[in-house]
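Biologist: Could you take one part of this structure and go through it with me slowly, as you would for someone in a first year of study? I would like a close look at a single strand and at what lies around it.

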Amino acid sequence: IGDAADATAAQNRMQDCVETWRGPLQRDAALRSALLAHAEVPDRYATWQRTVGLYPIVRWPFHAGVQAWEREHALQVARWAASPPPTQRYVPATGPAIDIAGLWRQRPRDALGLPQFTAAETAALLAAYAPAFEIETLGEYDRFGTLAWGVSIAPAVDTRSPVVYQRVAFMRYRDQLMLQLVYSLWFPERPPRSRFDLLAGALDAVVLRITLAPDDGRPLLVDTVHGCGCYHLFMPTGEVRLRDNPPTDIEWAYAPMTLPALRAGERVVVRINSASHDVVGSARDDGATGKPYGMRDENQLRHLTAPQGDSRSVYGPDALVAGSERPERFLYWPMGIASAGAMRQWGHHATAFVGRRHFDDADLIEKRFVIPALE
């Protein structure tokens with residue numbers, strides 16, 4: 001009888017606790033739902049600029065210009081595939097060989113399903129997939145290097161020390177998060193091709209991103225953009241295809257070339273043309289030798305040593321690199337992008353003049369491509 005009474009009392013206390021917390025829990029759930037319904041991630045487009053600049057009208061000639069560039073770029077890709085010019089080849093400094101697939105299988109995963117790598121393992125992954133670059137080199141402006149502060153308002157590029165800056169990122173596909181490896185090259189300038197070249201200016205950068213399969217870490221897709229956010233293009237493997245019926249009135253997904261099937265740990269070769277530094281070719285790396293480049297954490301760019309002995313970020317409070325402005329900003333401002341053509345910090349790359357698209361959108365690839373193995 002005593003045990004039954006104790007059990008009844010315990011049940012009553014439990015019911016009292018439930019009733020006490022039911023209201024706050026219900027209110028918290030309602031608050032969470034309301035917060036999610038109203039949450040908006042700020043983007044890098046200024047709606048007021050588009051309004052004042054009559055974006056609904058001027059978007060059409062801009063869209064025609066983007067399509068014209070895509071056609072010209074596709075011709076460059078075809079020319080390079082048929083008869084590539086002489087290039088300077090760069091390869092990552094030799095690192096320890098690792099079993100990527102084995103490393104992937106052995107890792108514990110967090111609540112989001114991502115493998116949990118140590119700092120040393122992450123560095124090994126970045127080194128294992130660091131691309132080889134074959135760059136058409138017609139001047140000092142085609143040699144990438146290390147950013148450093150000098151006397152100019154903009155940081156200088158020391159081409160005597162070729163360096164690729166790297167970081168890790170993530171994307172979502174369906175209910176899975178996928179690891180991405182990001183590599184950035186910095187050039188001293190984009191030289192003018194004519195007296196009135198609106199695209200020329202100090203500094204230029206190419207950002208390359210490799211998206212890895214969640215099961216064994218093999219590359220599924222590579223996409224690239226310039227440091228200003230322009231010229232976004234995709235290079236999918238055969239395991240990835242464009243979605244059907246894409247919108248035709250905005251910039252969606254320009255995919256002028258495909259990658260060969262790559263196994264876990266296989267390196268990609270990226271080919272870059274002179275002056276404009278467009279990516280115009282890719283292939284599986286055959287292991288040929290080349291000029292070695294070093295690798296550094298991209299976060300170092302936020303605290304470079306200045307001549308006075310202090311440290312400064314290469315990015316200003318607006319996330320732009322001062323001194324890298326382009327004349328094109330005076331023409332392209334109705335598209336709503338701050339200082340179009342200027343180099344900018346990770347997380348601030350608007351990549352479409354027509355429409356709204358960001359390089360780090362979590363659903364960027366999910367919206368545009370189908371990965372049948374993950375459906």
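**A strand and its two partners**

Modeller: In this predicted model, let us begin with strand E7 and strand E8, the latter covering residues 219–226, which pair in the antiparallel sense over seven bridges. One of the pairs to look for is Leu208, whose bridge partner in E8 is Thr224. The two strands, E7 and E8, form a hairpin with six residues between them, and in the turn Gly217 has a positive phi of about 80°. Strand E7 also pairs with strand E6, residues 176–190, again in the antiparallel sense, here over 10 bridges, and in this pairing Glu189 stands opposite Ala202 of E7.

With these partners in place, we can ask how covered the strand is. Strand E7 runs over residues 201–212, and 11 of its 12 residues are buried, so that the strand is mostly covered, buried here meaning under 20% relative accessible area. As a general point, the side chains of a regular strand alternate between the two faces of the sheet.

The strand also takes part in enclosing a space inside the protein. There are four cavities of 30 Å³ or more, and the largest cavity has a volume of about 90 Å³. Strands E6 and E7 each supply at least two residues of the lining of this largest cavity. The residues that line the largest cavity include Ser184, Trp186, Ala205 and Val207, and among the others are Gly227, Glu298, Tyr315 and Trp346.

Definitions and conventions
Residues are numbered from 1 along each chain as its sequence is written. This is a predicted model: local features need pLDDT of at least 70, side-chain atom pairs count only at pLDDT 80 or more; totals for chains, interfaces and linings use all residues. Side-chain values use heavy atoms; hydrogens and water are left out. Buried means under 20% relative accessible area, exposed over 50%, partly exposed in between (1.4 Å probe, protein chains only). Helices (H or I, at least four residues) and strands (E, at least two) are DSSP runs, numbered from the N terminus. Two strands pair if DSSP finds at least two bridges between them. On a 1 Å grid over the protein atoms alone, a cavity is a set of points where a 1.4 Å probe fits but cannot get out, and a pocket is an open set with protein on both sides within 12 Å along at least five of seven lines; lining residues have an atom within 4 Å of a point. Grid points are joined across faces, edges and corners, and a volume is the space filled by probe spheres set on the points.
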